[in-house]
Amino acid sequence: MSNIRKNVSLAPLTTFHIGGKADYFVEVSGTLELAEALEYADDHHLTTCVFSGGSNVIFPDAGFRGMVIRIVDGGIHISQHTLSAGAGVKLSDVVQAACAAGLSGIERLAGIPGSFGGAIRGNAGAFGAEIGDVVSSVKGFLRETGMVKEYKQDACLFGYRTSIFKQHPKILILSADIKLSLGDKESLQWIMAETLATRESKHPQDIKCAGSFFMNPLVRDTTLREEFQKDTGTESKDDKLPAGWLIDHAGLRGKKIGGAMVSDRHPNYLINTGNATAEDVMMLASLVKTRVRDELRVKLEEEVQYIGF
Ligand SMILES: Cc1cc2nc3c(=O)[nH]c(=O)nc-3n(C[C@H](O)[C@H](O)[C@H](O)COP(=O)(O)OP(=O)(O)OC[C@H]3O[C@@H](n4cnc5c(N)ncnc54)[C@H](O)[C@@H]3O)c2cc1C
(Lines give C-alpha, C1' and ligand atoms only; values in the text may rest on other atoms or scores of the structure.)
Protein backbone atom coordinates (compact mmCIF):
# COMPACT_ATOMS: atom_id res chain seq x y z
CA MET A 1 0.00 0.00 0.00
CA SER A 2 1.42 3.35 -0.98
CA ASN A 3 -0.32 5.65 1.48
CA ILE A 4 0.96 4.06 4.70
CA ARG A 5 2.76 6.66 6.81
CA LYS A 6 4.97 6.28 9.85
CA ASN A 7 5.01 8.23 13.14
CA VAL A 8 1.75 10.06 12.66
CA SER A 9 0.37 12.20 15.52
CA LEU A 10 -3.02 10.98 16.60
CA ALA A 11 -4.01 13.92 18.84
CA PRO A 12 -5.12 16.22 15.98
CA LEU A 13 -7.33 13.44 14.63
CA THR A 14 -9.37 13.23 17.83
CA THR A 15 -11.82 15.72 19.35
CA PHE A 16 -10.03 15.31 22.72
CA HIS A 17 -6.74 16.39 21.07
CA ILE A 18 -4.93 13.77 23.10
CA GLY A 19 -2.64 10.91 22.08
CA GLY A 20 0.91 10.26 20.87
CA LYS A 21 2.09 8.93 17.54
CA ALA A 22 1.04 5.84 15.63
CA ASP A 23 3.98 3.75 14.41
CA TYR A 24 2.03 3.13 11.21
CA PHE A 25 -1.02 5.01 9.99
CA VAL A 26 -3.24 4.63 6.98
CA GLU A 27 -6.53 6.10 5.77
CA VAL A 28 -8.81 3.70 3.93
CA SER A 29 -12.06 4.00 2.04
CA GLY A 30 -14.03 0.93 1.04
CA THR A 31 -13.57 -2.82 1.36
CA LEU A 32 -10.56 -3.22 -0.89
CA GLU A 33 -8.41 -0.60 0.83
CA LEU A 34 -9.41 -1.89 4.26
CA ALA A 35 -8.53 -5.46 3.28
CA GLU A 36 -5.18 -4.31 1.85
CA ALA A 37 -4.29 -2.41 5.02
CA LEU A 38 -5.15 -5.39 7.20
CA GLU A 39 -3.13 -7.72 4.96
CA TYR A 40 -0.13 -5.39 5.17
CA ALA A 41 -0.45 -5.34 8.97
CA ASP A 42 -0.71 -9.13 9.14
CA ASP A 43 2.30 -9.58 6.81
CA HIS A 44 4.35 -7.24 9.01
CA HIS A 45 3.02 -8.66 12.30
CA LEU A 46 1.52 -5.31 13.32
CA THR A 47 -1.24 -4.94 15.88
CA THR A 48 -4.09 -2.95 14.37
CA CYS A 49 -6.84 -0.68 15.54
CA VAL A 50 -9.56 1.13 13.66
CA PHE A 51 -11.20 4.46 14.19
CA SER A 52 -12.89 7.10 12.10
CA GLY A 53 -14.11 10.51 13.30
CA GLY A 54 -12.09 10.36 16.52
CA SER A 55 -14.93 11.87 18.57
CA ASN A 56 -15.31 9.00 21.00
CA VAL A 57 -11.75 7.75 21.57
CA ILE A 58 -8.66 8.34 23.64
CA PHE A 59 -5.26 7.14 22.48
CA PRO A 60 -2.33 6.74 24.92
CA ASP A 61 0.18 9.56 25.40
CA ALA A 62 2.88 7.15 24.23
CA GLY A 63 1.00 6.54 21.00
CA PHE A 64 0.08 3.26 19.34
CA ARG A 65 2.59 0.48 18.67
CA GLY A 66 1.26 -0.96 15.46
CA MET A 67 -0.97 0.24 12.65
CA VAL A 68 -3.82 2.69 13.16
CA ILE A 69 -6.38 2.43 10.39
CA ARG A 70 -8.68 5.39 9.87
CA ILE A 71 -11.84 4.73 7.88
CA VAL A 72 -12.68 7.77 5.76
CA ASP A 73 -15.25 8.81 3.15
CA GLY A 74 -17.29 6.23 1.25
CA GLY A 75 -19.90 8.38 -0.47
CA ILE A 76 -23.63 8.95 -0.02
CA HIS A 77 -26.29 7.62 -2.35
CA ILE A 78 -30.05 8.22 -2.07
CA SER A 79 -32.68 6.15 -3.80
CA GLN A 80 -36.32 6.85 -2.91
CA HIS A 81 -36.52 6.52 0.91
CA THR A 82 -33.20 4.71 1.34
CA LEU A 83 -29.93 6.47 2.03
CA SER A 84 -26.74 4.42 1.68
CA ALA A 85 -23.41 5.73 2.92
CA GLY A 86 -19.87 4.55 3.51
CA ALA A 87 -18.76 4.13 7.11
CA GLY A 88 -16.24 6.95 6.90
CA VAL A 89 -18.68 9.62 5.75
CA LYS A 90 -19.29 12.29 8.37
CA LEU A 91 -22.60 11.74 10.17
CA SER A 92 -23.31 15.47 9.77
CA ASP A 93 -23.05 15.07 5.96
CA VAL A 94 -25.49 12.15 6.10
CA VAL A 95 -27.95 14.19 8.18
CA GLN A 96 -27.58 17.17 5.85
CA ALA A 97 -28.06 15.02 2.73
CA ALA A 98 -31.17 13.37 4.15
CA CYS A 99 -32.78 16.67 5.11
CA ALA A 100 -31.87 18.30 1.80
CA ALA A 101 -33.62 15.41 0.05
CA GLY A 102 -36.70 15.86 2.23
CA LEU A 103 -36.13 12.62 4.11
CA SER A 104 -36.98 12.51 7.79
CA GLY A 105 -35.74 10.31 10.64
CA ILE A 106 -32.26 11.55 11.54
CA GLU A 107 -32.68 15.34 11.74
CA ARG A 108 -32.39 15.19 15.57
CA LEU A 109 -28.92 13.67 15.17
CA ALA A 110 -27.65 16.95 13.73
CA GLY A 111 -24.50 18.08 15.51
CA ILE A 112 -23.27 14.67 16.66
CA PRO A 113 -19.65 14.62 15.55
CA GLY A 114 -17.89 11.66 13.98
CA SER A 115 -18.60 9.24 11.18
CA PHE A 116 -21.63 7.31 10.00
CA GLY A 117 -19.90 4.00 10.88
CA GLY A 118 -18.87 5.23 14.33
CA ALA A 119 -22.47 6.32 14.97
CA ILE A 120 -23.86 2.92 13.98
CA ARG A 121 -21.31 1.08 16.10
CA GLY A 122 -22.28 3.04 19.23
CA ASN A 123 -25.94 3.54 18.22
CA ALA A 124 -25.43 7.28 18.62
CA GLY A 125 -28.44 9.27 19.62
CA ALA A 126 -29.80 12.54 20.91
CA PHE A 127 -33.16 14.06 21.82
CA GLY A 128 -34.94 10.70 21.75
CA ALA A 129 -33.65 9.59 18.32
CA GLU A 130 -31.05 6.89 17.72
CA ILE A 131 -29.40 5.94 14.44
CA GLY A 132 -30.28 2.27 15.04
CA ASP A 133 -33.99 3.14 14.72
CA VAL A 134 -33.59 3.82 10.99
CA VAL A 135 -30.85 1.37 9.99
CA SER A 136 -32.12 -1.26 7.57
CA SER A 137 -28.85 -3.08 6.91
CA VAL A 138 -25.13 -2.84 7.62
CA LYS A 139 -22.21 -4.30 5.68
CA GLY A 140 -19.50 -5.59 7.99
CA PHE A 141 -15.99 -6.79 7.25
CA LEU A 142 -15.13 -9.82 9.34
CA ARG A 143 -11.56 -9.22 10.47
CA GLU A 144 -10.91 -12.89 11.16
CA THR A 145 -12.04 -14.37 7.84
CA GLY A 146 -11.80 -11.40 5.48
CA MET A 147 -15.44 -12.00 4.46
CA VAL A 148 -18.09 -9.31 4.05
CA LYS A 149 -21.41 -9.98 5.77
CA GLU A 150 -24.70 -8.14 5.67
CA TYR A 151 -26.56 -7.53 8.94
CA LYS A 152 -30.26 -6.73 8.78
CA GLN A 153 -31.56 -4.38 11.48
CA ASP A 154 -32.59 -7.18 13.88
CA ALA A 155 -29.15 -8.75 13.67
CA CYS A 156 -27.47 -5.45 14.59
CA LEU A 157 -28.68 -5.84 18.22
CA PHE A 158 -29.03 -2.12 18.76
CA GLY A 159 -29.50 -1.00 22.35
CA TYR A 160 -28.64 2.07 24.38
CA ARG A 161 -25.23 3.10 22.96
CA THR A 162 -24.50 -0.41 21.80
CA SER A 163 -24.74 -2.81 18.86
CA ILE A 164 -23.32 -6.13 17.76
CA PHE A 165 -20.44 -4.16 16.22
CA LYS A 166 -19.50 -2.72 19.60
CA GLN A 167 -19.81 -6.12 21.26
CA HIS A 168 -17.66 -7.72 18.54
CA PRO A 169 -14.87 -5.29 17.63
CA LYS A 170 -13.60 -7.67 14.95
CA ILE A 171 -16.59 -6.75 12.78
CA LEU A 172 -15.65 -3.54 10.99
CA ILE A 173 -18.47 -1.49 9.51
CA LEU A 174 -18.02 -0.79 5.81
CA SER A 175 -21.32 0.86 4.90
CA ALA A 176 -24.99 0.92 5.79
CA ASP A 177 -28.45 1.64 4.44
CA ILE A 178 -30.95 3.65 6.42
CA LYS A 179 -34.65 3.83 5.69
CA LEU A 180 -36.24 7.25 6.13
CA SER A 181 -39.69 8.69 5.63
CA LEU A 182 -40.88 11.53 3.48
CA GLY A 183 -40.75 14.91 5.25
CA ASP A 184 -41.02 18.57 4.47
CA LYS A 185 -37.63 20.03 3.47
CA GLU A 186 -38.19 23.37 5.16
CA SER A 187 -39.34 21.87 8.48
CA LEU A 188 -36.42 19.45 8.43
CA GLN A 189 -33.95 22.31 7.96
CA TRP A 190 -35.65 24.16 10.82
CA ILE A 191 -35.45 21.11 13.15
CA MET A 192 -31.76 20.67 12.28
CA ALA A 193 -30.98 24.32 13.03
CA GLU A 194 -32.99 24.20 16.26
CA THR A 195 -31.22 20.99 17.31
CA LEU A 196 -27.80 22.54 16.71
CA ALA A 197 -28.78 25.63 18.70
CA THR A 198 -30.10 23.54 21.62
CA ARG A 199 -26.90 21.48 21.71
CA GLU A 200 -24.78 24.63 21.74
CA SER A 201 -26.90 26.19 24.52
CA LYS A 202 -26.35 23.11 26.72
CA HIS A 203 -22.61 23.07 26.12
CA PRO A 204 -20.21 24.63 23.61
CA GLN A 205 -19.67 21.80 21.13
CA ASP A 206 -16.27 22.82 19.81
CA ILE A 207 -14.31 22.20 23.00
CA LYS A 208 -11.70 19.47 23.37
CA CYS A 209 -13.65 16.49 24.68
CA ALA A 210 -15.43 13.34 23.53
CA GLY A 211 -18.96 14.39 24.43
CA SER A 212 -20.60 12.43 27.24
CA PHE A 213 -17.82 10.46 28.87
CA PHE A 214 -20.02 7.95 30.72
CA MET A 215 -23.23 6.18 29.75
CA ASN A 216 -26.36 6.93 31.74
CA PRO A 217 -26.56 4.05 34.24
CA LEU A 218 -29.50 1.98 35.36
CA VAL A 219 -30.30 3.04 38.94
CA ARG A 220 -32.39 0.67 41.08
CA ASP A 221 -32.24 2.85 44.19
CA THR A 222 -35.70 4.47 44.28
CA THR A 223 -34.61 7.07 46.85
CA LEU A 224 -31.95 8.33 44.47
CA ARG A 225 -34.41 8.37 41.60
CA GLU A 226 -36.87 10.37 43.72
CA GLU A 227 -34.10 12.79 44.65
CA PHE A 228 -33.38 13.25 40.93
CA GLN A 229 -37.04 13.93 40.25
CA LYS A 230 -37.26 16.47 43.08
CA ASP A 231 -34.08 18.17 41.98
CA THR A 232 -34.81 18.40 38.26
CA GLY A 233 -38.58 18.13 37.99
CA THR A 234 -38.16 15.31 35.47
CA GLU A 235 -38.73 11.59 35.89
CA SER A 236 -35.96 9.08 35.24
CA LYS A 237 -36.30 7.41 31.83
CA ASP A 238 -36.18 3.59 31.63
CA ASP A 239 -34.91 3.66 35.24
CA LYS A 240 -31.73 5.37 34.05
CA LEU A 241 -30.32 8.53 35.59
CA PRO A 242 -28.15 11.01 33.72
CA ALA A 243 -24.49 10.35 34.52
CA GLY A 244 -23.98 14.13 34.62
CA TRP A 245 -26.51 14.54 37.44
CA LEU A 246 -24.85 11.72 39.44
CA ILE A 247 -21.39 13.24 38.95
CA ASP A 248 -22.69 16.61 40.08
CA HIS A 249 -24.46 14.96 43.04
CA ALA A 250 -21.14 13.46 44.10
CA GLY A 251 -19.72 17.00 44.21
CA LEU A 252 -17.41 16.67 41.23
CA ARG A 253 -18.55 19.50 38.98
CA GLY A 254 -15.42 21.46 37.99
CA LYS A 255 -13.03 18.90 39.51
CA LYS A 256 -9.59 19.02 37.86
CA ILE A 257 -6.67 16.64 37.54
CA GLY A 258 -3.77 18.08 35.56
CA GLY A 259 -5.27 19.48 32.37
CA ALA A 260 -8.44 17.37 32.54
CA MET A 261 -11.58 18.80 34.09
CA VAL A 262 -15.16 17.79 34.81
CA SER A 263 -17.04 20.46 32.86
CA ASP A 264 -18.81 22.96 35.08
CA ARG A 265 -21.53 23.37 32.41
CA HIS A 266 -22.20 19.65 31.81
CA PRO A 267 -20.56 17.34 34.38
CA ASN A 268 -20.66 14.30 32.06
CA TYR A 269 -18.24 16.09 29.74
CA LEU A 270 -14.63 15.52 30.82
CA ILE A 271 -12.71 18.19 28.98
CA ASN A 272 -9.15 18.86 27.96
CA THR A 273 -8.52 22.39 29.18
CA GLY A 274 -5.50 22.72 26.92
CA ASN A 275 -2.67 20.44 27.84
CA ALA A 276 -4.36 17.36 29.31
CA THR A 277 -2.66 14.01 28.88
CA ALA A 278 -4.48 10.72 28.45
CA GLU A 279 -3.25 9.90 31.93
CA ASP A 280 -4.92 13.02 33.38
CA VAL A 281 -8.22 12.04 31.75
CA MET A 282 -7.99 8.45 32.94
CA MET A 283 -7.16 9.49 36.50
CA LEU A 284 -10.08 11.91 36.52
CA ALA A 285 -12.40 9.25 35.06
CA SER A 286 -11.24 6.81 37.71
CA LEU A 287 -11.85 9.34 40.49
CA VAL A 288 -15.35 10.05 39.14
CA LYS A 289 -16.20 6.34 39.01
CA THR A 290 -14.89 5.70 42.51
CA ARG A 291 -16.71 8.66 44.07
CA VAL A 292 -20.02 7.89 42.34
CA ARG A 293 -19.74 4.24 43.36
CA ASP A 294 -18.76 4.97 46.98
CA GLU A 295 -21.17 7.83 47.61
CA LEU A 296 -24.16 6.87 45.48
CA ARG A 297 -23.63 3.13 44.97
CA VAL A 298 -23.91 3.49 41.21
CA LYS A 299 -21.48 1.98 38.73
CA LEU A 300 -20.56 4.25 35.84
CA GLU A 301 -19.29 2.80 32.60
CA GLU A 302 -17.37 4.71 29.94
CA GLU A 303 -19.03 5.54 26.65
CA VAL A 304 -15.63 6.78 25.44
CA GLN A 305 -13.34 4.07 24.06
CA TYR A 306 -9.76 3.72 25.25
CA ILE A 307 -7.68 2.40 22.34
CA GLY A 308 -4.21 0.92 22.75
CA PHE A 309 -3.89 1.03 26.55
C1 LIG B 1 -18.92 17.54 21.44
C2 LIG B 1 -19.40 16.12 21.29
C3 LIG B 1 -20.76 15.83 21.39
C4 LIG B 1 -21.22 14.52 21.25
N5 LIG B 1 -22.57 14.28 21.33
C6 LIG B 1 -23.04 13.04 21.18
C7 LIG B 1 -24.44 12.77 21.23
O8 LIG B 1 -25.26 13.67 21.36
N9 LIG B 1 -24.86 11.49 21.10
C10 LIG B 1 -23.98 10.46 20.91
O11 LIG B 1 -24.42 9.31 20.78
N12 LIG B 1 -22.64 10.68 20.87
C13 LIG B 1 -22.15 11.92 20.98
N14 LIG B 1 -20.80 12.16 20.95
C15 LIG B 1 -19.86 11.03 20.86
C16 LIG B 1 -19.43 10.68 19.42
O17 LIG B 1 -19.60 11.77 18.55
C18 LIG B 1 -20.19 9.49 18.87
O19 LIG B 1 -19.97 8.39 19.69
C20 LIG B 1 -19.78 9.16 17.43
O21 LIG B 1 -20.78 8.37 16.85
C22 LIG B 1 -18.44 8.43 17.32
O23 LIG B 1 -18.11 8.30 15.93
P24 LIG B 1 -16.59 8.42 15.45
O25 LIG B 1 -16.54 8.17 13.99
O26 LIG B 1 -15.99 9.70 15.91
O27 LIG B 1 -15.94 7.21 16.23
P28 LIG B 1 -14.42 7.12 16.71
O29 LIG B 1 -14.20 8.04 17.87
O30 LIG B 1 -13.51 7.23 15.56
O31 LIG B 1 -14.40 5.62 17.24
C32 LIG B 1 -15.20 5.24 18.34
C33 LIG B 1 -15.22 3.71 18.45
O34 LIG B 1 -15.88 3.20 17.29
C35 LIG B 1 -15.05 2.31 16.59
N36 LIG B 1 -15.29 2.52 15.16
C37 LIG B 1 -15.25 3.69 14.47
N38 LIG B 1 -15.56 3.47 13.18
C39 LIG B 1 -15.81 2.14 13.06
C40 LIG B 1 -16.18 1.29 11.97
N41 LIG B 1 -16.35 1.75 10.74
N42 LIG B 1 -16.35 -0.04 12.21
C43 LIG B 1 -16.18 -0.54 13.47
N44 LIG B 1 -15.82 0.20 14.53
C45 LIG B 1 -15.64 1.54 14.33
C46 LIG B 1 -13.61 2.65 17.01
O47 LIG B 1 -12.80 1.51 16.94
C48 LIG B 1 -13.83 3.10 18.45
O49 LIG B 1 -13.84 1.99 19.32
C50 LIG B 1 -20.31 13.47 21.05
C51 LIG B 1 -18.92 13.76 20.94
C52 LIG B 1 -18.50 15.07 21.05
C53 LIG B 1 -17.03 15.36 20.91
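Which residues come nearest to the ligand? In this predicted model, they are Gly53, Gly114, Gly117, Gly118 and Gly211, out of 31 residues around the ligand. Several elements give two or more residues to this shell: strand S3 (48-51), helix H3 (116-121), strand S9 (125-126), strand S13 (171-179) and strand S15 (209-212). The element that gives the most is H3, with four residues. Sorted by class, the shell has 15 nonpolar residues, 15 polar residues and one charged residue.

The chain as a whole is assigned three domains: domain 1 covers 5-71, domain 2 covers 76-188 and domain 3 covers 203-306. Between the C-alpha centres of domain 2 and domain 3 the distance is 27 Å.

Helix H1 can be checked with simple arithmetic. H1 runs over residues 30-43, which makes 14 residues. At 1.5 Å a residue the helix should span 20 Å, and its end C-alpha atoms are 20 Å apart, so the expected and the actual span agree.

Which residues of H1 are buried? They are Leu34, Ala37, Leu38 and Ala41. Seen down the axis of H1, the buried residues fall within an arc of 95°, and therefore they line one face of the helix. The spacing of such positions follows a general rule. An α-helix has 3.6 residues a turn, so residues three or four places apart point the same way. The buried residues of H1 pack against strand S2 (21-28), strand S5 (64-71) and strand S11 (135-142), as well as S3 and S13. S3 and S13 also appear among the elements that give residues to the shell around the ligand. On the other side of H1, the exposed residues are Leu32, Glu39 and Asp43.

The backbone angle phi is the next topic. Most residues other than glycine have a negative phi. Just after H1, however, His45 takes a positive phi of about 55°.

Two arginines also have a positive phi: Arg161, with a value near 50°, and Arg297, with a value near 55°. Arg161 sits in the loop between strand S12 (148-152) and helix H4 (164-167). Arg297 sits in the loop between helix H8 (278-296) and strand S19 (305-306).

Is each of these arginines buried or exposed? Arg161 has 19 other C-beta atoms within 10 Å. A residue needs 20 or more to be buried and 12 or fewer to be exposed, so Arg161 is partly exposed. Arg297 has 11 C-beta neighbours inside 10 Å and therefore counts as exposed.

Conventions: Residues numbered from 1 in each chain as written. Predicted model: local features only at pLDDT ≥ 70, side-chain atom pairs only at ≥ 80, totals over all residues. Domains from an automatic or database assignment. Near = placed C-beta within 6 Å. Nonpolar A, V, L, I, M, F, W, Y, C, P; charged D, E, K, R; others polar. Expected span 1.5 Å × (residues − 1). Arc of directions from axis to C-beta. Contact = placed C-beta atoms within 7 Å.
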